[in-house]
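Take a look at the structure below. We will walk through a helix pair and then visit two single residues.

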Amino acid sequence: MEYYYKDDYESEFSLVDTSEIRFNADRIHKTCYKIIWAKDDAITLHVDGYEILLKRGQLLFTTPLNDLKLEVENAKIIIYAFNRAFYCIRDHDAEVSCNGFLFLGSSMPIVVGLTPKEEKSFTLLYDFFVEEFETVDHIQGEMLIVLLKRLLIKSARIARKILPKDDMPQGKLDVIRKFNLLVEQHFREKHKVSEYAEILNLSPKSLSNVFLRYYKQSPLKVISERICLEGERLIRFSDKNMSEIAYSLGFNEASHFSKFFKKHTGKSPKHYKKEVSNLL
């Protein structure tokens, strides 16, 4: 079952229930944000070349920057997909507070699990979506946006459970979200915590203390992992040589990138490239 909404302003929003169809993620436009809910069945999918097992009751959130590969047939998987023209999470960040938290740009996607009570709530919300998709009138788009905001807000609240402290003050969460977004924007040229702390009007120590208390890793590790993740993607999917990859990630010499990559992944770029080639 597939539902699709589009208006004269190129706004797009789709809802897919794969329980009775064969579905390939390539049918979803690459400009869309995607929420994948393994409602009644587990599913294995790939995000940016990495295999992810989505267990029953889990949700996964991806952005237009993520390369999603998913093929499913006769399994109860629910997919919500919307483009920026339909609902811009950046422009409406004050409404849903999910940018840089649920949606992490091209970093590894967030996966959250639902309790039985939460599953009932999400199922009810899904039924409301279906009802609105089947009601075609002049306010259909507005009603779908209202429901989407509700879905995003509920998801963000539940996702707090994956943080070390789910009672994190909103101000501290906003610091982490803004930091994540800044890393997405600047990781190619800014490699130091102090550079991000300056943009956030914080001292490097204050920023590190927020992460130490409320997050699972240090800000430096977030930066390093983001650089390495992009390095892996470029090695896997681009035709760039190591010098070009190093330069595109802010390293003046390929040897500097190689040392950095090996320090954080345990493998040299050449070793990683060889491993990837052997899997193809």
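In helix 4, Lys172, Val175, Ile176 and Phe179 meet Leu207, Val210, Phe211 and Tyr214 of helix 6 (contact means heavy atoms within 4.5 Å). Of the residues in this contact, 7 are nonpolar, none is polar and 1 is charged (Ala, Val, Leu, Ile, Met, Phe, Trp, Tyr, Cys and Pro count as nonpolar; Asp, Glu, Lys and Arg as charged; the others, Gly among them, as polar).

This is a predicted model: local features need pLDDT of at least 70, side-chain atom pairs count only at pLDDT 80 or more, and totals for chains, interfaces and linings use all residues. Residues are numbered from 1 along each chain as its sequence is written, and side-chain values use heavy atoms, without hydrogens and water.

Helix 4 spans residues 170-186 and helix 6 residues 204-214 (helices are DSSP runs of H or I, at least four residues; strands are runs of E, at least two; both are numbered from the N terminus). Their axes are 10 Å apart, at an angle of about 110° (axes are lines fitted to C-alpha atoms over the stretch in contact; angles run from 0 to 180 degrees between N-to-C directions). The two helices are therefore roughly perpendicular (65 to 115 degrees).

Now move to helix 7, residues 219-237, which holds Glu230. Is Glu230 buried or exposed? Its relative accessible area is 11%, so Glu230 is buried (under 20%, with a 1.4 Å probe and protein chains only).

Arg22 lies in strand 3, residues 22-24. Arg22 has 61% relative accessibility, so Arg22 counts as exposed (over 50%). Beyond its neighbours within four places in sequence, Arg22 contacts Arg27, Val72 and Glu73.

Note on methods: Parallel < 35°, antiparallel > 145°, perpendicular 65-115°, else oblique.
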